[in-house]
Amino acid sequence: MSSEVESADLIVLSHLRWDWVWQRPQHLISRLSRDRHTWFVEEPRHGDVTSPQLVTQDAGCVTRVWLELPPEEAVNAWSTPQTAWVAPLMDELLGPATPRDVWLYAPTAVQVARALHPRVLVYDVMDDLASFADAPPEMELRMRLALDIADIAFAGGPSLYRSAASVRGESRTRLYPSGVECEHYERSRDLRTSHPRPVVGYVGVIDERLDLDLLAGLATALPEWDVQMVGPVTKIDPATLPQAPNLHYLGMKAYDELPAVMAGFDVAMMPFALNEATRSISPTKTLEYLAAGLPVVSTRVPDVVSEWGSVVHLVDDAQETATACAHVLTHDAAARDARLAPLRRRHEWDAIAAAMRGDLEDLLAARAARAETTTLSGIA
């Protein structure tokens, strides 16, 4: 059934590429794009061009778009001055009269969002990007500007919600913690097989948010276990990663491969450092691990403690992590699933995307009602 939401194209301005680790943007946008044309606009990159050009690539549910720049021109993500080309080139691509909604993930692209003249501007706050390593100096100001001007602001976790609401107010901010595609990860339960050594594993980006000292200590404390790290290394020098005979870096795996990867784990872990970069994170992998039927051991990330403390074993250091790995193997999986059931019902990606779509419909309906009232007042 069609609605007002479908009457405009959707333009997503992202700091992540569509074919990167499958995260919140991909989960939500793949669902929200089912009923309208969606353009997923990524950060600029170099190409074999002599002037800035917009490149498009069909990716199934979305059309990927990025600005290609000549090799001699500097590329600095959305902070590159040449991103001013994006809005006029998108106007050429769509036609300037095409109505569009803009969905913002990259706050440094907020000026591009404005220049696209959206019917609705959505800012989905998935991370406190200003706290990340090598964040551009303008990131914090751009985040605040995006919160100030967005018609709707969503927050991906309780800590992010509190921060966003301090700028916009609670009534203008919606909390939608990241979710899970349960049926995808539940396949892991049927794929599980025995293996000669117990395995504790991590799936996700390997960056400055991880506690590398804890990881090194864990490998030392559990010589009879294998420690498997699955995911791309980014923003840190791979040479700084701890090494041990039982510590394995398996690289990035596609989303479809993750149930089989997790089937090889006995325990799942979240060895996050407690620093500025993790102060506001709400890890998606918590639910993914649990849906896969795995016991989870995590450091005390605030949102994990507040949201999942009843089903996740919390630790402070490498020795506690090692002890917890052995302990959680004895846990009753059925009892853990029973504790999880009421928590996960509100964390299904389909339900989250539907609720966000409902917020868009409510906004458009309220605008239409105001316009009708204004028109009737003018006639009277």
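Reader: Which residues does Arg192 touch, not counting residues up to four places away in sequence?
Author: In this predicted model, Arg192 is found in the loop between α6 (182-191) and β10. Leaving out residues up to four places away in sequence, the residues that Arg192 touches are Met262, Ala263, Phe265, Ala292, Gly293 and Leu294.

Reader: Is Arg192 buried, partly exposed or exposed?
Author: Buried means under 20% relative accessible area and exposed means over 50%. The relative accessible area of Arg192 is 30%. That value falls in between, so Arg192 is partly exposed.

Reader: Which side chain makes a polar contact with the side chain of Arg192, and at what distance?
Author: A polar atom of the Arg192 side chain also lies 3.5 Å from a backbone atom, the oxygen of Met262. The contact between side chains is with Ser188, at 3.2 Å.

Reader: What separates the C-alpha atoms of Arg192 and Pro107?
Author: Along the chain, Arg192 and Pro107 are 85 residues apart. In space, their C-alpha atoms are separated by 41 Å.

Reader: In what order do the six strands of the open sheet lie?
Author: The pairing in this sheet is parallel. Its edge strands, each pairing on one side only, are β12 (247-251) and β15 (313-315). Neighbouring strands are turned by 25 degrees against each other on average, direction ignored. The order is β12-β11-β10-β13-β14-β15.

Reader: Which residue of β15 is the bridge partner of Val297?
Author: Strand β14 (residues 296-299) and β15 run parallel and are joined by three bridges. In β15, the partner of Val297 is His313.

Reader: Which strands does helix α11 touch, and what angle does its direction make with that of β15?
Author: Helix α11 (residues 318-328) packs on the sheet. The strands touched are β10, β13, β14 and β15, and the angle with the direction of β15 is about 165 degrees.

Reader: At what angle to β11 does helix α7 run?
Author: Helix α7 (residues 212-221) lies across β10 (199-203), β11 (226-230), β12, β13 (267-270) and β14. Its angle to β11 is about 150 degrees.

Reader: How far apart are the end C-alpha atoms of helix α12, and what span is expected at 1.5 Å a residue?
Author: Helix α12 (residues 333-344) has 12 residues. At 1.5 Å a residue they should span 16 Å, which agrees with the separation of the end C-alpha atoms, 16 Å.

Reader: Why are the buried residues of α12 placed on the same side of the helix?
Author: The buried residues are Arg336, Leu340 and Leu343. They are on the same side of α12 because the arc they cover around the axis is only 45 degrees.

Reader: Which residues are exposed on the other side of α12?
Author: The buried residues of α12 are covered by elements including α9 (285-291) and α10 (302-308). On the other side, the exposed residues are Ala334 and Ala338.

Reader: Which backbone nitrogen does a side-chain oxygen of Asp332 reach?
Author: This contact is at the start of α12. The side-chain oxygen of Asp332 comes to within 2.9 Å of the backbone nitrogen of Ala334.

Reader: How many residues of strand β6 are buried?
Author: On one side of β6, Arg100, Val102 and Leu104 are buried, and on the other Asp101 and Trp103 are buried. Strand β6 (residues 100-104) is therefore largely enclosed by the rest of the structure, with a buried count of five of the five.

Reader: Which residue of β7 is the bridge partner of Leu104?
Author: Strand β6 runs parallel to β1 (residues 9-13), with five bridges. It also runs parallel to β7 (residues 121-125), with three bridges. In β7, the partner of Leu104 is Tyr123.

How values were computed: Residues are numbered from 1 along each chain as its sequence is written. This is a predicted model: local features need pLDDT of at least 70, side-chain atom pairs count only at pLDDT 80 or more; totals for chains, interfaces and linings use all residues. Side-chain values use heavy atoms; hydrogens and water are left out. Two strands pair if DSSP finds at least two bridges between them. Helices (H or I, at least four residues) and strands (E, at least two) are DSSP runs, numbered from the N terminus. Axes are lines fitted to C-alpha atoms, for helices over the stretch in contact, and angles run from 0 to 180 degrees between N-to-C directions. Contact means heavy atoms within 4.5 Å. The expected span of a helix is 1.5 Å times one less than its number of residues. Buried means under 20% relative accessible area, exposed over 50%, partly exposed in between (1.4 Å probe, protein chains only). The arc is that of the directions from the helix axis to the C-beta atoms. A polar contact is a pair of N or O atoms within 3.5 Å; within protein, one must be able to donate a hydrogen and the other to accept it, and residues adjacent in sequence count only if both atoms are side-chain atoms.
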